[in-house]
Every structure is written in C-alpha cells, then in structure tokens.
Amino acid sequence: MTTKRSRRREGGSLVARLRSALPRRVAELVSDFEDHLRDERDLSPNTVRAYLGDVVSLLAFLHDIPEDVDLDTVSEAAGEGTAIEDRFDDLDVGVLRAWLARQHEQGRSRTTLARRAASARTFTAWVSRRGLLPSDPGARLSSPRPHRTLPGVLRRDEVDDLMRASASGAEQGDPLALRDHALIELLYATGVRISELCGLDIDDVEFERRMVRVLGKGRKERMVPFGLPAERSLRSWLGQGRPHVVTRDSGSALFLGARGGRVDPRTVRRVVHHAVAAVPGAGDVGPHGLRHSAATHMLDGGADLRSVQELLGHATLATTQLYTHVTVERLKAIHDQTHPRAR
C-alpha cells in the first residue's frame, strides 16, 4: 500500500530528477531562487520545498522534459553537445496557463492548482526583478480559488474522553506515556502548530504565568496561555518522564523522542492519531485537528475573532474566520435536532 510518506519520497525524487535534467543556466537560476526563499524571505524548509517543486515542474514543462526522463541519456546528449535546449526566454503567460491546464488534466485539486499558480507568480516576479525577463508574466496569471473544506474537530465531550484516556496511560509512570499526555494537553490548550510544538524548549515555558513562548511562521514570536491541566501534565513530564529519556544530545528541547533527541512531527502525529482512535465515535483527527478543535471551542465559548487570531498566530483574520463557519454549522445541527419547528 502506498503511504503518504512514500508518496513524499517519490515526489522528492521526481523533483530532483527533473531539476537535474534542466539546462545549466536554468538549474543555476533555480538554485539562486532557493537561496532567495531560504535566506532573504526566511521561509520554512517545508515552504521552500513546496515552492521549488512547483517551479521545477513549471520549468520542466517549459523544456518538454518528461517525468520519466532518463538522466543518463541527458548526460550523454550533453557530452555530444545536444543537451536540452534552453528555452527560458520563452516563459510567458501562455506557458503558465498551459502548465496549469496540464496539471488540471492530471487531476490536481483546486487547492493544489492555486498553490502552484502562487509559486509561479512568486518565481516570475523574482526573475523579472532581476531583469531576466522583459516583463512579469505571472502578473497576468489568474488561478482558481482553492476549495476550503471545513476542518474536522472533536466535540468537547470527545476531548474530555481523549484527555482521560491519555491521563490514564500517564498514571502508569511510563516516561513516554507522560510525554504523550503532556503534548496532547499542550496542543489542545494552546492550539499551536505541530512544528511550533516540536520547536519548543524548556525555557519557553513560563509556569508562573502559564504562558508558552512560540516561534511561528515567518519566525514571528508570540505568547500563548495554557491552563492548569496542561501545567500539571508538563510538570509531570519534566519531573518524572524527561529525566529517564534525556541524553547528551537532548539539549534544551521540551519534548524528546524515545532516543533522547528532539521529538519530530511524525512521532507527534502518530501519538495523537493513536490516542484519538481510542475515543469511541471520534473522527480521524490529528495534531492540526486539535488546533481546529481548540479554536472552535474558544469561539463557541464567546472568544472574539481577534483574540483567537492572536493565539493561533494567523497572519490574517480571513484565516481565523474559517472557524466561524465551523461554529455556524454546529449551530445549524443543534437547531435541526432540537428546535420544534426545525423540520
């Protein structure tokens, strides 16, 4: 069975193969663009990887490089002076539209098409500023609005069941069970992203004020409060669990893996999915689902959008407003089930 991880590996190898087949000048331009994204725009590694994958796909389309390209054949042709022709100067809005049309024919979702169009616009704007194209073709490119699906959330009673099950495992005193309970409590208490959780250090936690210092997207720092249950689970992990896992390589990481290194996102996803699976009737919710649940429950409890935006670290209020749709749908369901004139 093909797993998400294996698909990512296949995607990564495909991008590397296509990138290696590009003409030398174009390949060097991709490397410069990568440096720009990483060093000047300070984007996360995942974002840089996504942008590069999209741009390499575009440039391979421009140069008629098939996905099953044989690199040995390309190298032999280069040695004979017949390498793939450099057509970068032909990059225009027609090529961009044709590339997106090909993506659509291959079954890419509207969300993926919108992201790839955004990547292309970022690339062509950067290239145009460097004077390598007479004008910016991406400025004339429109893209379909991504289809925004409502995020899956847990009900409050399901969250209670999740925390009770997690706490019962931690009561046995196993170090990793203490860690699992603490990270689940903190994920829901703060609504932080999984990458933000994995990046936390011990000094980021202020127990006196029950606040945690989070480094979010764009390296923006924010302070997020957490409640008493999360404090108790964190103290138990730090006092009774972490000392049994820590090694010389642990550093100041708050959460550790089984071998003592900083916990990685895959481990956190596995922990959350496993814990949620034990809750009767709960959907398949991962770490991001706990973030959605926390935001939805805060709004249900009367929190204003601006406060939730600040807590979650959203750059725009439009992103936070997605959660209002969740609460509206929930209100509709309650109305349909309970109002005497609902049907």
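This tour moves through the aromatic rings of a predicted model, with a residue or pair to select at each stop.

**The aromatic pairs.** Two rings are compared through the distance of their centres and the angle of their planes. With rings counted as paired when their centres lie within 6.5 Å, the count for this structure comes to five aromatic pairs.

**First selection: F33 and F123.** The centres of these two rings are 5.1 Å apart and their planes stand at 80°, so the pair is edge-to-face, the term used for planes over 60 degrees apart. Now display the helices that carry them. F33 belongs to helix α2 (residues 24–40) and F123 to helix α6 (residues 110–129), so the contact ties together parts that are 90 residues apart in sequence. Are these two residues buried or exposed? F33 is buried, with a relative accessible area of 0%, and F123 is likewise buried at 0%.

**Next selection: W126.** Keep F123 in view and add W126. The two rings form a tilted aromatic pair, 6.2 Å centre to centre with 35° between the planes. Both residues lie in helix α6, and because they are three residues apart there, about one helical turn separates them. W126 is buried, and its relative accessible area is 6%.

**Widening the view: F88.** Add F88 to the residues already selected. Ring pairs link F33, F88, F123 and W126 into a cluster.

**Final selection: F207 and R235.** This stop concerns a charge and a ring. What sits over the ring of F207? It is the charged end of R235, placed 4.2 Å from the centre of that ring.

Conventions
Residues numbered from 1 in each chain as written. Predicted model: local features only at pLDDT ≥ 70, side-chain atom pairs only at ≥ 80, totals over all residues. Heavy atoms only, no water. Phe/Tyr/Trp six-rings, centres within 6.5 Å; stacked < 30°, edge-to-face > 60°. Helix = DSSP H or I, 4+ residues; strand = E, 2+ residues; numbered from the N terminus. Buried < 20%, exposed > 50% of the residue type's maximum accessible area, 1.4 Å probe, protein only. Lys NZ or Arg CZ within 6 Å of the ring centre and 35° of its normal.
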